[in-house]
Amino acid sequence: MQRRVDLGHRIADLRRQQELSQEQLAHLAGMERRSIQRYESAQRDPQFSDLLLIAHALRVHVTDLLHG
């Protein structure tokens, strides 16, 4: 569970650093805003394919999401 929380914080931190809303990140990643919200709040574990989409949208390597 703690890893899920850490991942959510990293996604949120990177999103805020780029001054993106959850809606904007979701649009860039081709996802629903609710998915971003659930990942950031650690309600759900993202699938690897979703992590790749989020990383691409944030212009970071997927390992940047996994290791803070």
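# Exercises on helix H1 and its surroundings

In this predicted model, Leu7, Ile11, Leu14 and Arg15 of H1 make contact with Leu51, Ile54 and Leu58 of H4. Sorted by class, the residues in this contact are six nonpolar, no polar and one charged.

**Exercise 1.** Determine how the axes of H1 and H4 are oriented to each other.

*Solution.*
- Two packed helices are described by the angle between their axes and the distance between the axes.
- For H1 and H4, the axes come within 10 Å and cross at roughly 25°.
- Angles under 35 degrees count as roughly parallel.
- H1 and H4 are therefore roughly parallel to each other.
- The handedness of the H1 and H4 crossing is left-handed.

**Exercise 2.** Check the end-to-end distance of H1 against the span expected from its number of residues.

*Solution.*
- Helix H1 covers residues 2-17, which is 16 residues.
- The expected span is 1.5 Å times one less than the number of residues.
- For H1 this should give 22 Å.
- The end C-alpha atoms of H1 are 22 Å apart, so the two values agree.

**Exercise 3.** List the buried residues of H1 and name the helices they pack against.

*Solution.*
- The buried residues in H1 are Leu7, Gly8, Arg10, Ile11, Ala12, Leu14 and Arg15.
- Their packing partners are helix H2 (22-29), helix H3 (33-40), helix H4 (48-58) and helix H5 (62-66).

**Exercise 4.** Glu19 and Ala42 each have a positive phi; decide for each whether the residue is buried or exposed.

*Solution.*
- Most residues other than glycine have a negative phi.
- Glu19, which is not a glycine, has a positive phi of about 55°. Glu19 follows just after H1, in the loop between H1 and H2.
- Exposed means over 50% relative accessible area. Glu19 has 71% relative accessibility and therefore counts as exposed.
- Ala42, also not a glycine, has a positive phi of about 60°. Ala42 is found in the loop between H3 and H4.
- Buried means under 20%. Ala42 has 6% relative accessibility and therefore counts as buried.

**Exercise 5.** Locate His56, classify its accessibility, and give its separation from Leu20 in sequence and in space.

*Solution.*
- His56 belongs to helix H4.
- The relative accessibility of His56 is 65%, so His56 counts as exposed.
- Along the sequence, His56 and Leu20 are 36 residues apart.
- In space, the C-alpha to C-alpha separation of His56 and Leu20 is 14 Å.

Note on methods: Residues are numbered from 1 along each chain as its sequence is written. This is a predicted model: local features need pLDDT of at least 70, side-chain atom pairs count only at pLDDT 80 or more; totals for chains, interfaces and linings use all residues. Side-chain values use heavy atoms; hydrogens and water are left out. Helices (H or I, at least four residues) and strands (E, at least two) are DSSP runs, numbered from the N terminus. Buried means under 20% relative accessible area, exposed over 50%, partly exposed in between (1.4 Å probe, protein chains only). Contact means heavy atoms within 4.5 Å. Axes are lines fitted to C-alpha atoms, for helices over the stretch in contact, and angles run from 0 to 180 degrees between N-to-C directions. Angles under 35 degrees count as roughly parallel, over 145 as roughly antiparallel, 65 to 115 as roughly perpendicular and the rest as oblique. A crossing is left-handed if the near helix is turned anticlockwise from the far one by less than a right angle, and right-handed if clockwise. Ala, Val, Leu, Ile, Met, Phe, Trp, Tyr, Cys and Pro count as nonpolar, Asp, Glu, Lys and Arg as charged, and the others, Gly among them, as polar.
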